[in-house]
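Work through the exercises below with the sequence and the structure in view. Try each task before reading its solution.

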Amino acid sequence: GNLTTSDNWQLVRQPVPWQEAIQAWADGKTVSYSYRDSGIRYGFEDSNAMMTTAKIKHAKWYVED
């Protein structure tokens, strides 16, 4: 059970409000979202994903960088 600084760590991104995600995208950052708790993250510019008002309001949004 002890943790050391040599252990591998992974940063876990927390969801952000959709307004913050869109501003980050406008600022050139990579943004993704998960809709309906599918666990799948889609890129904001995914050409196969139609953006709807429901997705904007109810998706979990993440700023990747």
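## Exercise 1: An aromatic pair

By the ring-centre rule, the count of aromatic pairs comes to one. The model is a predicted one.

**Task.** Find which residues form the aromatic pair, and state whether each is buried or exposed.

**Solution.**
Step 1. The partners are Tyr 33 and Trp 61.
Step 2. A pair of aromatic rings is described by the distance of the centres and the angle of the planes. For Tyr 33 and Trp 61 the centres are 5.0 Å apart and the planes make an angle of 40°.
Step 3. Planes under 30 degrees apart would count as stacked and over 60 as edge-to-face, and this pair is classed as tilted.
Step 4. Tyr 33 belongs to strand S1 and Trp 61 to strand S3, so the pair ties together parts that are 28 residues apart in sequence.
Step 5. Tyr 33 and Trp 61 are both buried.

## Exercise 2: The sheet

**Task.** Determine the order of the strands in the sheet and say which strands stand at the edges.

**Solution.**
Step 1. List the elements. The protein chain has two helices and three strands, and from the N terminus they run α-β-β-α-β.
Step 2. Strands of a sheet pair through backbone hydrogen bonds, either parallel or antiparallel. Here the three strands make an open sheet in the order S2-S1-S3, with antiparallel pairing.
Step 3. S2 (42–43) and S3 are the edge strands, each with a single partner, so one side of each has no neighbour in the sheet.
Step 4. Count the bridges. S1 is joined to S3 by four bridges and to S2 by two.
Step 5. Follow Tyr 33 across the sheet. Tyr 33 stands opposite Trp 61 in S3, and its bridge partner in S2 is Tyr 42. Further along, Ser 34 has Lys 60 in S3 as its bridge partner.

## Exercise 3: The core

**Task.** Work out which elements give two or more residues to the largest nonpolar core.

**Solution.**
Step 1. Write down the members. The core has 10 residues: Val 16, Ala 21, Ala 24, Val 31, Tyr 33, Tyr 35, Phe 44, Ala 59, Trp 61 and Val 63.
Step 2. Assign them to elements. Helix H1 (18–26), strand S1 (31–34) and strand S3 (60–63) each give two or more.
Step 3. Check how the helix is placed. H1 lies across S1 and S3 and runs at about 35° to S3.
Step 4. Look at both faces of S1. Val 31 and Tyr 33 on one side are buried, and so are Ser 32 and Ser 34 on the other.
Step 5. Take Phe 44 as one core member. Beyond its neighbours within four places in sequence, Phe 44 is in contact with Trp 25, Val 31, Ser 32, Tyr 33, Met 51 and Trp 61.

## Exercise 4: A lysine in a helix

**Task.** Decide whether Lys 55 is buried or exposed.

**Solution.**
Step 1. Locate Lys 55, which lies in helix H2 (residues 53–58).
Step 2. Its relative accessible area is 15%. Buried means under 20%, so Lys 55 is buried.
Step 3. Compare with the whole chain: of its 65 residues, 22% count as buried.
Step 4. Relate Lys 55 to another part of the chain. Its C-alpha atom is 8.6 Å from that of Arg 36, and the two residues are 19 apart along the chain.

Terms used
Residues are numbered from 1 along each chain as its sequence is written. This is a predicted model: local features need pLDDT of at least 70, side-chain atom pairs count only at pLDDT 80 or more; totals for chains, interfaces and linings use all residues. Side-chain values use heavy atoms; hydrogens and water are left out. A nonpolar core is a set of buried Ala, Val, Leu, Ile, Met, Phe, Trp, Tyr and Cys residues joined through side-chain atoms within 4.5 Å. Buried means under 20% relative accessible area, exposed over 50%, partly exposed in between (1.4 Å probe, protein chains only). Contact means heavy atoms within 4.5 Å. Rings of Phe, Tyr and Trp (its six-membered ring) pair if their centres lie within 6.5 Å; planes under 30 degrees apart count as stacked, over 60 as edge-to-face and the rest as tilted. Two strands pair if DSSP finds at least two bridges between them. Axes are lines fitted to C-alpha atoms, for helices over the stretch in contact, and angles run from 0 to 180 degrees between N-to-C directions.
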